[in-house]
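Subject: Structure handover

Dear colleague,

Here is the structure I promised to pass on. My notes on what was found follow below it.

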Amino acid sequence: MSRHIYQHQEPFVFENGRELIDLQISYEVFGELNADRSNVVWVCHALTANANVLDWWPGLFGTDDLFNPNDYYIVCANVIGSAYGSSNPLSTNPATGQPYYLSFPEFTVKDLVNAHQLLAAHLDISQIEVLIGGSLGGQQALEWAASKTIAINQLIVVGTNAVHSPWGIAFNESQRLAITADRTFYANHPDGGAKGLKVARSIALLSYRNYITYDHTQRDTDDNKVNDYKAASYQNYQGEKLVKRYNAYSYFYLTKAMDSHNLARGRASLEAALAGINCSTLVLGVNTDILFPVDEQKFIARHIPNASYREIESSYGHDGFLIETKKLTAIIHNFLENKKEYINELV
Ligand SMILES: CC(=O)SCCNC(=O)CCNC(=O)[C@H](O)C(C)(C)COP(=O)(O)OP(=O)(O)OC[C@H]1O[C@@H](n2cnc3c(N)ncnc32)[C@H](O)[C@@H]1OP(=O)(O)O
Ligand SMILES: N[C@@H](CCO)C(=O)O
């Protein structure tokens, strides 16, 4: 593994016209590029992950896994806005010498992709063998493929959509309401909004899992209990766990970026945008995902000409895309080995 920073030498212009004059992209690479540069696996990460894909997607990415650094040149870059190294609201604004906080430009999924395409050009990558992502990562991967700025041979998207849903936006807005209700968010301090962020993550968890997950893991066995329930403790724990490794500003901006996702923006329609994706594509859904229900993935697969849809059974809901790596591995391995069988399947 090696960790790098790409410093873009020109102003980076966002979709909304605002600029960053010193865009930085933090990224990691694993493995070696082969002689004909045909072994690139580019990973787009989800909301709070980072560039170390071997760390957050073990079981699918690792020395003993399907995507391993012995066979592939694996690149994972940190998205703009994230707390893990690329330009973000806690970066220093060169105009003031202070962190941006809420003066950081708002950005879209398209902006995240445009920035990473600059990195791909810097790395002299003009062909990606496998482009893969789940959730917000899948939204980026679809935007990459629809932009057609780089050759992608195989596209794999998991638990994602072509346009972010009203339901998804509502969850994100409720999380932002929690963050902005914490007035420390406006204090311009790196820990600003921490209590709000804790609530935001506990709200998000409800959408990442479902009734069954909670029933399986958080049901109390003591019938005499009238307080201190396991499920309550779990919500607190998960909220605090995120606060320890993230910040409210990055979270606020990234949820807004997710809301912006719409492949139809600047294109004729959603269907036309998907129809223009010309790579062999595998679309995966998790049967219990309530945040990105499988109908959203079936829609994607129906409209990309060379796409197939496969469904994973899991009790984990949306987070199943991070957890069910054995099932993902079996399906993806089959897809990579037997592409022809997967093409043009109707769903
Ligand atoms: C520096 C870094 O951390 S890198 C970033 C890592 N994260 C990412 O990249 C984002 C992607 N990953 C994720 O979103 C998550 O890690 C997932 C979805 C893959 C897995 O979620 P997890 O929180 O690990 O699993 P799960 O929901 O089962 O919760 C288990 C945790 O809750 C704790 N827990 C379970 N029940 C309870 C309860 N009733 N009360 C308190 N704590 C509880 C467990 O002890 C465990 O704690 P631990 O994480 O400290 O080991
Ligand atoms: N659990 C994921 C979000 C769901 O896509 C993350 O924290 O990145």
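Strand 5 (residues 40-44) and strand 9 (residues 127-134) run parallel and are joined by four bridges. Within this pairing, valine 43 has isoleucine 132 of strand 9 as its bridge partner. Please keep in mind that this is a predicted model.

Both strands belong to an open sheet of eight strands with mixed pairing, in the order 1-4-6-5-9-10-11-12. Its edges are strand 1 (2-7) and strand 12 (307-312), each of which pairs on one side only. On average, neighbouring strands are turned by 20° against each other, with direction ignored.

Two helices can be placed against these strands. Helix 2 packs on the sheet and touches strand 1, strand 4 (24-30), strand 5 and strand 6 (73-77). The direction of helix 2 makes about 55° with that of strand 4. Helix 3 (residues 136-147) lies across strand 5, strand 9 and strand 10 (151-158), and it runs at about 145° to strand 9.

Strand 6 deserves its own paragraph. Strand 4 and strand 6 run antiparallel and are joined by four bridges, while strand 5 and strand 6 run parallel, also with four bridges. Isoleucine 74 of strand 6 appears in both pairings: it is the bridge partner of phenylalanine 30 and also of valine 41. How many residues of strand 6 are buried? Five of its five residues are, which leaves the strand mostly covered. In a regular strand, side chains alternate between the two faces of the sheet. Here Tyr73, Val75 and Ala77 point one way, Ile74 and Cys76 point the other way, and all are buried.

Next, the aromatic residues. The whole structure contains 20 aromatic pairs. One of them joins phenylalanine 104 and tyrosine 253, with ring centres 5.8 Å apart and planes at 90°, an edge-to-face arrangement. What does this pair tie together? Phenylalanine 104 sits in the loop between strand 8 (98-99) and helix 2 (109-122), and tyrosine 253 sits in helix 8 (residues 248-260), so the pair connects parts that are 149 residues apart in sequence. Phenylalanine 104 has a relative accessible area of 1% and is buried. Tyrosine 253 is at 4% relative accessibility and therefore also counts as buried, the cut-off being under 20%.

Tyrosine 253 has a second partner in phenylalanine 107: the centres are 6.0 Å apart and the planes are at 10°, so this pair is stacked. This pair, too, links distant parts of the chain, since phenylalanine 107 is in the loop between strand 8 and helix 2 and tyrosine 253 is in helix 8, 146 residues apart. Phenylalanine 107 is buried, as is tyrosine 253. These three residues are part of one aromatic cluster, made up of Tyr100, Tyr101, Phe104, Phe107, Phe185, Tyr186, Tyr249, Phe252 and Tyr253.

Finally, the ligand. Ligand 1 is surrounded by 17 residues, the closest being Gln218, Ser233, Tyr234, Tyr237 and Lys241. Which atoms of ligand 1 have polar partners? An oxygen atom of ligand 1 lies 2.4 Å from a polar side-chain atom of tyrosine 234. For lysine 241, an N or O atom of the side chain is 2.6 Å from an oxygen atom of ligand 1. At lysine 230 the partner is a polar backbone atom, 3.0 Å from a nitrogen atom of ligand 1.

Best regards

Terms used: Residues are numbered from 1 along each chain as its sequence is written. Chains are lettered from A and ligands numbered from 1 in the order in which they are written. This is a predicted model: local features need pLDDT of at least 70, side-chain atom pairs count only at pLDDT 80 or more; totals for chains, interfaces and linings use all residues. Side-chain values use heavy atoms; hydrogens and water are left out. Rings of Phe, Tyr and Trp (its six-membered ring) pair if their centres lie within 6.5 Å; planes under 30 degrees apart count as stacked, over 60 as edge-to-face and the rest as tilted. Buried means under 20% relative accessible area, exposed over 50%, partly exposed in between (1.4 Å probe, protein chains only). Two strands pair if DSSP finds at least two bridges between them. Axes are lines fitted to C-alpha atoms, for helices over the stretch in contact, and angles run from 0 to 180 degrees between N-to-C directions. Contact means heavy atoms within 4.5 Å. A residue is near a molecule or strand if one of its heavy atoms lies within 4 Å of it. A polar contact is a pair of N or O atoms within 3.5 Å; within protein, one must be able to donate a hydrogen and the other to accept it, and residues adjacent in sequence count only if both atoms are side-chain atoms.
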